[in-house]
Amino acid sequence: MKPYTHLIDIKQLHISELLHLLDKAQTFKNEYSSGKRQYDLLKDMTIVNLFFEPSTRTRISFEIAAKRLSATIINFDLDNSSAQKGETILDTIYTLQAMDCQMFVIRHKETDMASWLAKQLIKPAAIINAGTGSISHPTQALLDTLTIKQHKKNFEKLKVVIIGDIIHSRVATSLIEALTLLQTKEICLVGPENLLPEHPPLKTSCHLKLEPTLKDADVIVALRLQKERMETFMVDSIQSFHMKYGLTEARVSLAKPDVIVLHPGPMNRDIEIDDKVADGPHSVILDQVNNGIFIRMAVLDYLKSKLYEAKA
Ligand code: NCD
């Protein structure tokens, strides 16, 4: 059987693959600290960033990761592309494959877009999901778990609290899948009832009140209210959301003294997270951004070897 050359979601990964990607990313990071900044590993690869939704950190970190591995990377310019003349994404990819582009990093509002494209391809290529719909964002989950692993050794002892707009968050969905794979002890989802999943994923529990769940928390993840994915605005008011769920210093102090605070970005300061928390001693938010580069290097390197196997 031909190897699977895509990264569509966390569910496709065996625990050994997930751990391999985290270890490889950590190795790249350690080597970067000791001065190794450039690799030849992807020098024959051309990668295209196909972002159909806005992005700052994800797109740029894929670009930096590709460049550190000596790949050629192209940022598809959606507004000036033939997509504006009605070309389908699949035809765009076939066109790019005809120019020998082999890897496609996709961000799209449709949940199934990455998996659908992966199934349609005729010639070998790697599709990498950089965030689709409200369900899947695997490289974000990998960088989040790498960040947690750097601070907390054993997932089986951890209590993780994820706060806010859970149902619209592909970050939360993928992170829950990764934490579950790593056998995290407790995963609490907290938010207004209409932003919590109707059927909570296995191994999670849902809570309306924030303060009691913060007791003994090792990791707190704050999420943005993802208004662009809501048909109508789903909270009473920004102020009431902040009052009940905003991450303040006082609330962080209810958790374990060595708690770490994550946020995938972009942050809406003073709504889901206060300045003093975002920039405070528990915050690892910029570490997440930095780890994103090494995770994407690990993913690109891993899929390149799968592609070579597929072509062999
Ligand atoms: C997230 C996304 O796009 O899903 N951002 C990211 O990739 N770091 C989260 C968000 O939009 O709130």
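This is a short dialogue on reading the ligand site, an aromatic pair and two backbone features in a predicted model.

Q: What should be kept in mind about the model and its numbering?
A: The model is predicted, with local features needing pLDDT of at least 70 and side-chain atom pairs counting only at pLDDT 80 or more, while totals for chains, interfaces and linings use all residues. Residues are numbered from 1 along each chain as its sequence is written, and side-chain values use heavy atoms, with hydrogens and water left out.

Q: Which residues come nearest to the ligand?
A: A residue is near a molecule if one of its heavy atoms lies within 4 Å of it. Here 13 residues surround the ligand, and H137, R170, R224, P264 and G265 come nearest. By class, the shell has three nonpolar, five polar and five charged residues, where Asp, Glu, Lys and Arg count as charged, Ala, Val, Leu, Ile, Met, Phe, Trp, Tyr, Cys and Pro as nonpolar, and the others, Gly among them, as polar.

Q: Which atoms of H137, R170 and G265 lie close enough to the ligand for a polar contact?
A: A polar contact is a pair of N or O atoms within 3.5 Å. A polar side-chain atom of H137 lies 2.7 Å from an oxygen atom of the ligand, and a side-chain N or O atom of R170 is likewise 2.7 Å from a ligand oxygen, whereas G265 uses a backbone N or O atom, 2.9 Å from a ligand nitrogen. Taken alone the ligand exposes 320 Å², of which the protein buries 94% (Shrake-Rupley method, 1.4 Å probe).

Q: How is an aromatic pair read, and how do F52 and F76 lie?
A: A pair of aromatic rings is described by the distance of the centres and the angle of the planes. Rings of Phe, Tyr and Trp (its six-membered ring) pair if their centres lie within 6.5 Å, and planes under 30 degrees apart count as stacked, over 60 as edge-to-face and the rest as tilted. The structure holds four such pairs; one of them, F52 with F76, is tilted, at 6.1 Å centre to centre and 45° between the planes.

Q: Which backbone features are found at P266 and D100?
A: The peptide bond from G265 to P266 is cis, with omega near -5°. D100 has a positive phi of about 70° although it is not a glycine.

Methods
Polar contact = N/O pair within 3.5 Å; in protein donor to acceptor, adjacent residues only side chain to side chain.
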